[in-house]
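Got your viewer open? Let's take a walk through this one, one selection at a time.

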Amino acid sequence: MQTLHVNIPVAPLHEGSEIRIADKAVEISIPLTNGSHTIETEPTEIGTFSGSTLNATFTLTYQYDEAQNMITFCGNDFESSEAPCIYTICDSNPQSLLRHTSLGNNAGLLSDQPWNQFIGDTPELNTAFKQAVQTANNLIIAHAIENGLNVRVRTAPPVLSEEEVQQMIEMDSANVDANFIQMSIADQTILINQTLKSTWGGTVKFKVNENFANVIGSTGDPTIGGKSWLQLWTIQFGTPTCCTSLNTRGFVCGTYLVGGHIITGTKASVVPVGSNSVYIMPICAGHNSNDSIYMSAVIYQDGIWLNNYQQ
């Protein structure tokens, strides 16, 4: 069984009249076994507060799929009970337990506990713990990528402006539903952002040359036309200049690109409605219309991860 070992921060350097926190780092071990896992580091002494010892642990929830060589983490902008966090506790009072996340929210903030009160009244320290969680999470994600894993990151969906929505529609105007066209620009924007919220899983980073194939029967996803996903990919990652699987295995790619619905592996197939294993990558129209071949992440490794496919 492979295990990832990463050195991560669990506390930021901070000193004051009643507090001393050292710049502490620990090693977190992440076993790559199938399923969903929550792990935490051993309590580490990070300093003192009003003469009492402060301890910290780092907690990480992740999912691993050996068949897809895929590990899934929460991103730093994703609000969830499963988000990575640092727990701090003052040993003089177990009720002082605080949860620090990458978004800076402290679940369990109790106004009558000195340590909790101090955090609430010291925004710079609160921000420093938030940044420590972000740094730790970024190091873990980067280490997984460096070790050849495909990495999914749960992120908040982008919020599209009216202008961006209109650009998406113009890219594939022939396939846009007539009822949608009759809506006001403001209502179109609201609908598209609602759709993104329900279908956006996050992003994926494939290892270099990872094999993937078409999803058969994906033309109807999303409602405004499959090609509009290319604009969404562009908003997230920048404008693609060529097919992700450019000229692999003798296939000659054209210059017209689409946002292709793909799955990992070497065989195109129908994917069940509600699947969480469909991705969007920029591919040429030739690859998109040929289900008898497979592709590889040669040019681009970043993709959009869809949640609840076709729902």
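Which residue in the turn of the β6 and β7 hairpin has a positive phi? Select S50: its phi is about 50°, and the hairpin has 2 residues between the two strands. Keep in mind throughout that you're looking at a predicted model.

**Stop 1: the strands around the hairpin**

Now colour β6 (residues 44–49) and β7 (residues 52–65). They run antiparallel, with 5 bridges joining them. For a spot to zoom in on, pick T44, which stands opposite A56 in β7. Then add strand β3 (residues 19–21), which is antiparallel to β6 and joined to β6 by 3 bridges. Here, I19 stands opposite F49 in β6. Leave F49 on screen for the next stop.

**Stop 2: the aromatics**

Show W115 and F118 along with F49, since these three form one aromatic cluster. The structure holds 7 aromatic pairs. Take W115 and F118: their ring centres are 6.2 Å apart and their planes sit at 15°, so this pair counts as stacked. Both belong to helix α1 (residues 114–121), 3 residues apart, about one turn of the helix. Are they buried or exposed? Both W115 and F118 are buried.

For a contrasting geometry, jump to F206 and Y279. Their ring centres are 5.4 Å apart with the planes at 85°, so the pair is edge-to-face. F206 is in the loop between β13 (200–205) and β14 (211–216), while Y279 is in strand β17 (residues 278–284), so the pair ties together parts that are 73 residues apart in sequence. F206 and Y279 are both buried.

**Stop 3: the cores**

In soluble globular proteins, nonpolar side chains tend to be buried together. Which residues touch the most other members of the largest nonpolar core? Select F58, I71 and W115, which do so in a core of 39 residues. Now bring up helix α2 (residues 123–146), the element that gives the most to this core, with 8 residues.

Centre the view on F58 and show its contacts. Leaving aside residues up to four places away in sequence, F58 touches a dozen-strong list you can browse, including I8, V10, I28, I39, P84, C85 and I86. V133, A136 and I140 are also among its contacts, and so are E40 and T41.

For a last selection, try W233, V278, Y300 and Y309. They are among the 38 residues of another core, which lies apart from the one around F58.

How values were computed:
Residues numbered from 1 in each chain as written. Predicted model: local features only at pLDDT ≥ 70, side-chain atom pairs only at ≥ 80, totals over all residues. Heavy atoms only, no water. Phe/Tyr/Trp six-rings, centres within 6.5 Å; stacked < 30°, edge-to-face > 60°. Helix = DSSP H or I, 4+ residues; strand = E, 2+ residues; numbered from the N terminus. Buried < 20%, exposed > 50% of the residue type's maximum accessible area, 1.4 Å probe, protein only. Core = buried A, V, L, I, M, F, W, Y, C linked by side-chain atoms within 4.5 Å. Contact = heavy atoms within 4.5 Å. Pairing = 2+ DSSP bridges.
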